[in-house]
Amino acid sequence: MKASTYLLAAGLMIAPAIASAQTAPAAPAAGQAAAPAVGDTVYDSTGATMGTVEAVTPQAVVINTGTVKVPVPPTSVGKDAKGWHMAMTKADLEAAGQQAQAAQQAQLKSALTPGAQVHASDGTTVIGTVKAADDQFVTLTSSSGREVKLPIAGFGAGPNGVVVGMTAEQFNAAVGGAAAPTPGN
(Lines give C-alpha, C1' and ligand atoms only; values in the text may rest on other atoms or scores of the structure.)
Protein backbone atom coordinates (compact mmCIF):
# COMPACT_ATOMS: atom_id res chain seq x y z
CA MET A 1 0.00 0.00 0.00
CA LYS A 2 1.34 3.40 -0.96
CA ALA A 3 1.87 5.71 2.02
CA SER A 4 0.38 9.15 2.03
CA THR A 5 2.41 12.28 2.21
CA TYR A 6 1.41 14.36 5.19
CA LEU A 7 0.81 17.95 4.36
CA LEU A 8 -0.37 19.89 7.35
CA ALA A 9 -1.01 23.47 6.42
CA ALA A 10 -1.00 25.62 9.54
CA GLY A 11 -4.05 27.78 9.70
CA LEU A 12 -5.69 26.06 6.74
CA MET A 13 -9.30 26.72 7.51
CA ILE A 14 -12.09 27.10 5.05
CA ALA A 15 -15.26 28.76 6.03
CA PRO A 16 -17.95 30.19 3.95
CA ALA A 17 -16.25 32.70 1.68
CA ILE A 18 -18.39 35.40 3.15
CA ALA A 19 -16.98 34.84 6.64
CA SER A 20 -13.47 35.59 5.50
CA ALA A 21 -14.34 38.61 3.39
CA GLN A 22 -13.31 41.96 4.79
CA THR A 23 -14.44 44.09 1.89
CA ALA A 24 -16.30 47.31 2.36
CA PRO A 25 -20.00 47.31 1.54
CA ALA A 26 -21.33 49.13 -1.49
CA ALA A 27 -22.38 52.71 -0.90
CA PRO A 28 -25.96 52.84 0.37
CA ALA A 29 -28.66 53.99 -2.03
CA ALA A 30 -30.42 57.27 -1.36
CA GLY A 31 -32.58 56.94 1.74
CA GLN A 32 -30.92 53.66 2.76
CA ALA A 33 -29.05 53.41 6.07
CA ALA A 34 -25.30 52.81 6.07
CA ALA A 35 -24.03 49.34 6.96
CA PRO A 36 -22.05 48.62 10.12
CA ALA A 37 -18.26 48.50 9.91
CA VAL A 38 -15.82 45.81 11.04
CA GLY A 39 -15.42 46.11 14.81
CA ASP A 40 -18.81 47.72 15.46
CA THR A 41 -20.86 46.33 18.36
CA VAL A 42 -24.25 44.79 17.61
CA TYR A 43 -26.95 44.60 20.29
CA ASP A 44 -29.71 42.01 20.53
CA SER A 45 -33.44 42.54 20.97
CA THR A 46 -33.02 42.82 24.76
CA GLY A 47 -30.38 45.54 24.45
CA ALA A 48 -27.56 43.21 25.51
CA THR A 49 -24.37 42.98 23.49
CA MET A 50 -24.78 40.33 20.80
CA GLY A 51 -21.27 40.54 19.39
CA THR A 52 -19.02 42.47 17.06
CA VAL A 53 -18.98 42.80 13.31
CA GLU A 54 -16.23 40.57 11.91
CA ALA A 55 -16.77 41.21 8.19
CA VAL A 56 -19.08 43.13 5.89
CA THR A 57 -19.95 42.40 2.27
CA PRO A 58 -22.92 43.50 0.17
CA GLN A 59 -24.45 40.05 0.88
CA ALA A 60 -23.81 39.66 4.61
CA VAL A 61 -22.72 41.12 7.90
CA VAL A 62 -20.72 38.52 9.85
CA ILE A 63 -21.32 38.80 13.58
CA ASN A 64 -18.86 37.19 16.00
CA THR A 65 -20.71 36.43 19.24
CA GLY A 66 -17.63 34.99 20.90
CA THR A 67 -19.10 31.53 20.40
CA VAL A 68 -19.91 31.48 16.67
CA LYS A 69 -19.45 33.66 13.62
CA VAL A 70 -22.75 34.05 11.83
CA PRO A 71 -23.35 35.75 8.47
CA VAL A 72 -26.68 37.59 8.43
CA PRO A 73 -28.33 39.65 5.68
CA PRO A 74 -27.43 43.35 5.96
CA THR A 75 -31.14 44.16 6.11
CA SER A 76 -31.41 42.26 9.43
CA VAL A 77 -29.07 44.73 11.14
CA GLY A 78 -30.56 48.13 11.89
CA LYS A 79 -29.38 51.25 13.63
CA ASP A 80 -30.97 53.25 16.42
CA ALA A 81 -29.75 55.78 18.98
CA LYS A 82 -27.78 53.09 20.88
CA GLY A 83 -26.10 51.69 17.76
CA TRP A 84 -26.46 48.58 15.60
CA HIS A 85 -29.05 46.00 16.64
CA MET A 86 -30.93 42.90 15.56
CA ALA A 87 -34.47 41.80 16.31
CA MET A 88 -33.41 38.53 17.93
CA THR A 89 -31.56 37.47 21.04
CA LYS A 90 -27.90 36.48 21.17
CA ALA A 91 -28.93 32.96 22.22
CA ASP A 92 -31.22 32.63 19.17
CA LEU A 93 -28.47 33.84 16.82
CA GLU A 94 -25.93 31.44 18.34
CA ALA A 95 -28.37 28.52 18.07
CA ALA A 96 -29.04 29.36 14.42
CA GLY A 97 -25.31 29.68 13.73
CA GLN A 98 -24.50 26.36 15.37
CA GLN A 99 -27.32 24.66 13.47
CA ALA A 100 -26.04 26.08 10.16
CA GLN A 101 -22.47 24.96 10.95
CA ALA A 102 -23.68 21.42 11.77
CA ALA A 103 -25.60 21.29 8.47
CA GLN A 104 -22.52 22.48 6.56
CA GLN A 105 -20.35 19.82 8.23
CA ALA A 106 -22.88 17.09 7.39
CA GLN A 107 -23.01 18.29 3.77
CA LEU A 108 -19.22 18.28 3.58
CA LYS A 109 -18.84 14.79 5.07
CA SER A 110 -21.38 13.39 2.62
CA ALA A 111 -19.42 14.96 -0.27
CA LEU A 112 -16.04 13.53 0.81
CA THR A 113 -16.51 10.18 -0.90
CA PRO A 114 -13.73 8.30 -2.71
CA GLY A 115 -13.39 9.58 -6.27
CA ALA A 116 -15.03 12.95 -5.58
CA GLN A 117 -13.27 15.82 -7.32
CA VAL A 118 -11.65 18.46 -5.11
CA HIS A 119 -11.45 22.05 -6.33
CA ALA A 120 -9.04 24.84 -5.44
CA SER A 121 -10.39 27.84 -3.55
CA ASP A 122 -11.64 29.37 -6.82
CA GLY A 123 -14.26 26.60 -6.82
CA THR A 124 -13.61 25.58 -10.42
CA THR A 125 -10.02 24.32 -10.78
CA VAL A 126 -9.83 20.58 -10.03
CA ILE A 127 -6.69 19.79 -8.02
CA GLY A 128 -7.33 16.13 -7.30
CA THR A 129 -9.76 13.48 -6.09
CA VAL A 130 -10.65 12.13 -2.67
CA LYS A 131 -9.01 8.80 -1.91
CA ALA A 132 -10.28 8.51 1.69
CA ALA A 133 -11.63 10.66 4.51
CA ASP A 134 -12.11 10.28 8.24
CA ASP A 135 -13.06 12.66 11.04
CA GLN A 136 -9.63 14.34 11.02
CA PHE A 137 -8.03 14.00 7.58
CA VAL A 138 -8.76 13.77 3.87
CA THR A 139 -6.36 11.86 1.65
CA LEU A 140 -6.23 13.26 -1.89
CA THR A 141 -4.70 11.97 -5.06
CA SER A 142 -3.44 15.14 -6.71
CA SER A 143 -3.71 15.82 -10.44
CA SER A 144 -0.03 14.81 -10.67
CA GLY A 145 -0.77 11.43 -9.03
CA ARG A 146 0.80 12.26 -5.68
CA GLU A 147 -1.09 11.40 -2.48
CA VAL A 148 -1.40 14.02 0.21
CA LYS A 149 -3.16 14.04 3.56
CA LEU A 150 -4.79 17.30 4.68
CA PRO A 151 -6.76 18.28 7.79
CA ILE A 152 -10.50 18.03 7.19
CA ALA A 153 -10.84 21.57 8.57
CA GLY A 154 -9.25 22.80 5.33
CA PHE A 155 -12.21 21.61 3.22
CA GLY A 156 -15.66 22.94 2.54
CA ALA A 157 -18.64 22.31 0.32
CA GLY A 158 -18.73 24.67 -2.65
CA PRO A 159 -21.19 25.18 -5.48
CA ASN A 160 -19.31 22.68 -7.70
CA GLY A 161 -18.50 20.17 -4.98
CA VAL A 162 -15.64 19.92 -2.49
CA VAL A 163 -13.21 22.85 -2.21
CA VAL A 164 -9.95 23.20 -0.30
CA GLY A 165 -8.84 26.48 1.25
CA MET A 166 -5.89 27.15 -1.05
CA THR A 167 -5.38 28.20 -4.63
CA ALA A 168 -4.21 25.67 -7.20
CA GLU A 169 -0.82 27.38 -7.17
CA GLN A 170 -0.54 27.16 -3.38
CA PHE A 171 -1.61 23.51 -3.43
CA ASN A 172 0.83 22.58 -6.20
CA ALA A 173 3.68 24.40 -4.44
CA ALA A 174 2.89 22.61 -1.17
CA VAL A 175 2.57 19.21 -2.84
CA GLY A 176 5.76 19.80 -4.83
CA GLY A 177 7.57 20.62 -1.60
CA ALA A 178 6.20 17.66 0.33
CA ALA A 179 8.46 14.70 1.01
CA ALA A 180 7.95 11.71 -1.26
CA PRO A 181 6.04 8.83 0.32
CA THR A 182 8.16 6.13 1.87
CA PRO A 183 7.16 2.47 1.34
CA GLY A 184 5.55 1.05 4.44
CA ASN A 185 4.28 4.39 5.86
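Analyst: Let's begin with a word we need throughout: two residues are in contact when heavy atoms of theirs lie within 4.5 Å. The model is predicted, so local features need pLDDT of at least 70 and side-chain atom pairs count only at pLDDT 80 or more, while totals for chains, interfaces and linings use all residues. Residues are numbered from 1 along each chain as its sequence is written, and side-chain values use heavy atoms, with hydrogens and water left out.

User: Thanks! With that idea in hand, which residues is Leu140 in contact with, leaving aside its neighbours within four places in sequence?

Analyst: Leu140 is in contact with Val118, Thr129, Val130, Lys131, Arg146, Glu147, Val148, Leu150, Phe155 and Phe171. Its home is strand S10; helices (H or I, at least four residues) and strands (E, at least two) are DSSP runs, numbered from the N terminus. The C-alpha atoms of Leu140 and Gln117 are 9.3 Å apart, with their positions 23 residues apart along the chain.

User: How do I read burial, and is Leu140 buried or exposed?

Analyst: Burial is read from relative accessible area: under 20% is buried, over 50% is exposed and anything in between is partly exposed (1.4 Å probe, protein chains only). Leu140 has 0%, so it is buried. Across the protein chain of 185 residues, buried residues make up 35%.

User: How many helices and strands does the protein chain have?

Analyst: There are 3 helices and 13 strands. As for how the chain folds back on itself, take the contacts with a separation of 6 or more: residues 24 or more positions apart account for 50% of them.

User: How should I read a nonpolar core, and which residues have the most contacts inside the largest one?

Analyst: Such a core is a set of buried Ala, Val, Leu, Ile, Met, Phe, Trp, Tyr and Cys residues joined through side-chain atoms within 4.5 Å. Here the largest has 19 residues, and Val118, Leu140, Phe155 and Phe171 have the most contacts inside it. At least two core residues come from each of strand S9 (126–133), strand S10 (137–142), strand S11 (147–151), strand S13 (161–164) and helix H3 (168–177). H3 gives the most, with 3 residues. There is also a second, separate core of 13 residues, and Val53, Val72, Trp84 and Met86 are among them.

User: Could we look at one residue of a strand, say Val130? Which strand is the place of Val130?

Analyst: Val130 sits in strand S9. Its relative accessible area is 3%, so it is buried. Beyond four places in sequence, its contacts are Leu112, Thr113, Pro114, Gly115, Ala116, Val118, Val138, Thr139 and Leu140. Gly115 is 15 residues from Val130 along the chain, and their C-alpha atoms are separated by 5.2 Å.

User: Now a helix, please. How many residues has H2, and what span does it reach?

Analyst: Expected span is 1.5 Å times one less than the number of residues. Helix H2 (residues 90–111) has 22 residues and reaches 32 Å from first C-alpha to last, close to the 32 Å expected. Its buried residues are Leu93, Glu94, Gly97 and Leu108. Seen down the helix axis, these fall within an arc of 95 degrees (taken from the directions from the axis to the C-beta atoms), so they line one face of H2. They pack against strand S3 (49–56), strand S4 (61–64), strand S5 (69–72), strand S12 (155–158) and S13. The face turned away from that buried side carries the exposed residues Ala91, Gln99 and Ser110.

User: And loops? Where does Ser121 lie?

Analyst: Ser121 is in the loop between strand S8 (117–119) and S9. At 42% relative accessibility, it counts as partly exposed. Ser121 touches Val164, Gly165, Met166 and Thr167, leaving out residues up to four places away in sequence. Between Ser121 and Val163 the C-alpha distance is 5.9 Å, although they are 42 residues apart in sequence.

User: Last one: which ring does the charged end of Lys82 sit over?

Analyst: A charge sits over a ring if NZ of Lys or CZ of Arg is within 6 Å of the ring centre and within 35 degrees of the ring normal. The charged end of Lys82 sits over the ring of Tyr43, 4.3 Å from its centre. Tyr43 is also in contact with Ala48, a residue of the loop between strand S2 (41–43) and S3.
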